[in-house]
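Let's take a walk through this model together, going from one helix to the spaces inside the fold and then to a few backbone details. Keep the structure open beside you as you read.

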Amino acid sequence: MTGFLPTRRALMAAALGLMAASLPARAEAPKEIRIDWATYNPVSLVLKDQKLLEQEFAKDGITIRWVQSAGSNKALEFLNAGSLDFGSTAGAAALIGKINGNPIKSVYVYSRPEWTALVTRPDTGIKTVADLKGKTVAVTRGTDPHIFLVRALAANGLTEKDVKLVLLQHADGRLALQRKDVDAWAGLDPIMASAEVEDGAVLFFRKPEDNTWGVLNVREDFAKANPDIVKRVLATYEKARLWSVQHPKELSAALVSATKLPEPVIARQLERTDLSFGPIGKAQKDTILAGEALQKAGVVAADVNVPAQVDALIDGQYLVVGQ
């Protein structure tokens, strides 16, 4: 008899080899995690200062790179460019980013703040939103203060065309108001608190329920390739959030150090910042659905399915704990 008859062992080995070849290659763990810190996200300062992520990933040989975000618009730019893996924004700003093609998921809540209001000087005579008609207003486009302004205008029968927008980053908006270069400003804490306490600025229109939640976003491709790392990042964020709730004096000191602002200013910011939430879900969806108001105002295209976009944005699978 000529030829070769393979043994059962050889056949099994060949079959296992074929199975292994057909499985998708496991993605290599990243060598670093790029995450932002922001003065409007107090928990991020605790996370950074205490090196909690560095400790969590040291055994994996993964380094942590910290990048400061000056506003939701900057965090979204960094995420879209791939220079951040995780970025802090307001929920409504994340929705606008998603609608505009930014491939992100909102996976965590770092705060429920009243961090924006409409601000003016005592000498302008501006008392109501209606008084803004024909006035100059400093705003950072694509952020919660911008969205807050648009909604306030719409509720008073006005649009962006009825005011003169001056597009500036948040800190520059405060300075423009102080220098009388603009009549009003869509503010953001802690810079807004500083203007209020130090400059005598007036918060002439406040509506806490129109402030969307502070959310942590992750790039979709990073989350898809590294779901376990996302879970570990959020679990570590939870440690920092709980510590922040339990240590208000130390949290205040961390913000004072990062912002170089005096303690009374930071106290004003923190008194209107609720840190008692972590998991993301229905409550955040309901608030972010305010995007429909932006649709009515013409900021979001009429053909956009806002509820579907919100569903695609919010992803609570990476952190499930009791609220």
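Please bear in mind that this is a predicted model. We can begin inside it, with the largest cavity, whose lining residues divide into five nonpolar, three polar and one charged. The volume of this largest cavity is about 40 Å³. Around it you will find Tyr40, Ser72, Ala90, Trp115, Thr143, Asp144, Pro145, His170 and Leu188.

How many cavities of 30 Å³ or more are there? The count comes to two, and the second largest cavity holds about 30 Å³ of space. Its lining is made of Tyr40, Pro42, Ser111, Pro113, Trp115, Asp189, Gln269 and Thr273. Sorted by class, the lining of the second largest cavity has four nonpolar, three polar and one charged residues. If you select both linings in your viewer, Tyr40 and Trp115 appear in each of them.

Pro42, from the lining of the second largest cavity, is also one of the buried residues of α2, so let's turn to that helix. Is α2 mostly buried or exposed? Six of its eight residues are buried, so α2 is largely enclosed by the rest of the structure. The buried ones are Pro42, Val43, Ser44, Leu45, Val46 and Leu47. As a reminder, a residue is called buried when its relative accessible area is under 20%.

Which helix packs against α2 at about 110°? It is α10, spanning residues 227-246, and the two axes lie 9 Å apart. Because angles from 65 to 115 degrees count as roughly perpendicular, α2 is described as roughly perpendicular to α10. On the α2 side, the meeting residues are Val43, Ser44, Val46 and Leu47, while α10 brings Thr236, Tyr237, Ala240, Arg241, Trp243 and Ser244. By class, this contact of α2 with α10 has six nonpolar, three polar and one charged residues. Val43, Ser44, Val46 and Leu47, which meet α10, are also among the buried residues of α2.

Following the chain onward from α2 brings us to Lys51, whose phi is positive, near 55°. Most residues other than glycine have a negative phi, and most peptide bonds are trans. Lys51 sits in the loop between α2 (42-49) and α3 (52-57). With a relative accessibility of 48%, Lys51 counts as partly exposed.

There is another lysine to look at here: Lys260 has a positive phi near 60°, again in a residue other than glycine. You can find Lys260 in the loop between α11 (248-259) and α12 (263-271). Its relative accessibility of 69% makes Lys260 exposed, because values over 50% count that way.

A further backbone detail lies at Asp189 and Pro190, which are joined by a cis peptide bond with omega at about 5°. Pro190 belongs to the loop between β8 (184-186) and α8 (191-199). Asp189 is already familiar from the lining of the second largest cavity, and Pro190 leads us to an open space, the second largest pocket.

The second largest pocket has a volume of about 200 Å³. Its lining counts 15 residues, and nearest its centre lie Thr39, Ala171, Pro190, Ile191 and Leu261. The elements that give two or more residues to this lining are α7 (170-178) and α11. Of these, α7 supplies the largest share, three residues. By class, the lining of the second largest pocket has nine nonpolar, four polar and two charged residues.

Our last stop is the largest pocket, with about 410 Å³ of space. Of the 21 residues lining it, the closest to its centre are Ile96, Gly97, Asn100, Arg141 and Gly142. Two or more residues of this lining come from each of α4 (72-81), α5 (91-99) and α6 (144-155). Which element gives the most to the lining of the largest pocket? That is α4, with five residues. The lining as a whole divides into nine nonpolar, nine polar and three charged residues.

How values were computed
Residues are numbered from 1 along each chain as its sequence is written. This is a predicted model: local features need pLDDT of at least 70, side-chain atom pairs count only at pLDDT 80 or more; totals for chains, interfaces and linings use all residues. Side-chain values use heavy atoms; hydrogens and water are left out. Helices (H or I, at least four residues) and strands (E, at least two) are DSSP runs, numbered from the N terminus. Buried means under 20% relative accessible area, exposed over 50%, partly exposed in between (1.4 Å probe, protein chains only). Axes are lines fitted to C-alpha atoms, for helices over the stretch in contact, and angles run from 0 to 180 degrees between N-to-C directions. Angles under 35 degrees count as roughly parallel, over 145 as roughly antiparallel, 65 to 115 as roughly perpendicular and the rest as oblique. Contact means heavy atoms within 4.5 Å. Ala, Val, Leu, Ile, Met, Phe, Trp, Tyr, Cys and Pro count as nonpolar, Asp, Glu, Lys and Arg as charged, and the others, Gly among them, as polar. On a 1 Å grid over the protein atoms alone, a cavity is a set of points where a 1.4 Å probe fits but cannot get out, and a pocket is an open set with protein on both sides within 12 Å along at least five of seven lines; lining residues have an atom within 4 Å of a point. Grid points are joined across faces, edges and corners, and a volume is the space filled by probe spheres set on the points.
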